[in-house]
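Biologist: Take one part of this model and go through it slowly for me. I'd like to hear how it is packed, what it touches, and where that trail leads.

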Amino acid sequence: TFNIIALQVLLMEYGKIKFNPSMLMFFGIFILSLICVVGINRVSADNMILKHSVWLVFIGLMSLMFYPMYILYSKQKGLMMSAILTTLILFFGLSLVAFLRPDLISLSWGPVLFVILLGGVLTELVMMLFVKDKKSNMMKYMTYFFIVVFMLYILYDTKRLQVNAKKCVKADYVSESFNLFLDIWNLFIRIFSVKGN
């Protein structure tokens, strides 16, 4: 998934495609990506062609949303590599914790993390509408807040994958790995935005 996103972004850059969506267009792409998220989780594992098609559309939408951010910060040498390395170090460190000490992680975290994430998203939306200085300390604190939340989500989703693997439930690889992808992607985006400011 990450390779496909990187390839699409690099192809857009190589083709010198100018894509700077308005707020309305960005919101439309975001809504379409949410529809894809629901579709990926709702389509049965028996219909893998449809499931993979929705997944590919989602990846394309993620690339479109990331491309303007990539272009904005591409002139800062080393920023992309620094964000990727930081994300990888955090991901592998958290995965190591999840595999070596699964007793520290509880599946009861799921609903709590969802409520915390939803509260954070709503707070950030309000701040985006009413805070004039987009580089204020409050916006930075929100970014760090989301980094912590997605780190906890990585622990939780890794534990959930372990539990499902032990139960030997019928595999739905797209849905099983999709939540972990979202955790890593959101962690990367937040780290990228912190390093870009």
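Modeller: Start with Thr 143, which is buried because its relative accessible area is just 11%; buried means under 20%, exposed over 50%, and partly exposed in between, with a 1.4 Å probe and protein chains only. Thr 143 sits in helix H6 (helices are DSSP runs of H or I, at least four residues, and strands are runs of E, at least two, numbered from the N terminus). A quick caveat: this is a predicted model, where local features need pLDDT of at least 70 and side-chain atom pairs pLDDT 80 or more, while totals for chains, interfaces and linings use all residues. Numbering runs from 1 along each chain as its sequence is written, and side-chain values use heavy atoms, leaving out hydrogens and water.

What does Thr 143 touch, not counting residues up to four places away in sequence? Arg 190, Ser 193 and Val 194, where contact means heavy atoms within 4.5 Å.

Follow Arg 190, then. Arg 190 counts as buried because its relative accessibility is 16%, and Glu 124 is buried too, with a relative accessible area of 13%. The side chains of Arg 190 and Glu 124 meet in a salt bridge, 2.8 Å from N to O. That pair ties together distant parts of the chain: Glu 124 belongs to helix H5 and Arg 190 to helix H7, with their positions 66 residues apart. The cut-off is a side-chain nitrogen of Lys or Arg within 4 Å of a carboxyl oxygen of Asp or Glu. Pairs like that can form because side chains of opposite charge can pair when their charged atoms come close.

How many salt bridges does the structure hold? It holds three. One of them is back in Thr 143's helix: Arg 160 pairs with Asp 157, and their closest N and O atoms are 3.4 Å apart. Because Arg 160 and Asp 157 are three residues apart in H6, which covers residues 137-167, about one helical turn separates them. Arg 160 and Asp 157 are both buried.

Arg 101 and Asp 103 make a salt bridge as well, with the closest N and O atoms 2.8 Å apart. This one has another setting: Asp 103 counts as exposed because its relative accessibility is 54%, while Arg 101, at a relative accessible area of 41%, is partly exposed.

Now the rings. The count comes to 17 aromatic pairs. Take Phe 145 and Phe 146: the ring centres are 5.3 Å apart and the planes meet at 70 degrees, so this pair is edge-to-face. The rule pairs rings of Phe, Tyr and Trp (its six-membered ring) with centres within 6.5 Å, and calls planes under 30 degrees apart stacked, over 60 edge-to-face and the rest tilted. Phe 146 is buried, with a relative accessible area of 1%, whereas Phe 145 is partly exposed because its relative accessible area is 30%.

There's also one aromatic cluster formed by Phe 2, Phe 58, Phe 66, Tyr 70, Phe 178, Phe 181, Trp 185, Phe 188 and Phe 192. Trp 185 gives you a handle on another buried spot, Met 62. Leaving aside neighbours within four places in sequence, Met 62 is in contact with Trp 185, Ile 5 and Ser 33. Met 62 is placed in helix H3, which covers residues 48-73, and it counts as buried because its relative accessible area is 6%. As a ruler across the model, the C-alpha atoms of Met 62 and Val 149 are separated by 20 Å, with their positions 87 residues apart along the chain.

For contrast, look at Lys 16. It is found in the loop between helix H1 (2-14) and H2, and it counts as exposed because its relative accessibility is 69%. Check its backbone, too: Lys 16 is not a glycine, yet its phi is positive, at about 55 degrees.

How far to trust it? The protein averages a pLDDT of 87, and 96% of the residues score at least 70; pLDDT is the predictor's confidence in each residue, from 0 to 100. Confidence is lowest in helix H7 (residues 173-196), at a mean of 85, and highest in helix H4 (residues 79-100), at 91. Keep that in mind for Arg 190, since you'll find it in H7.
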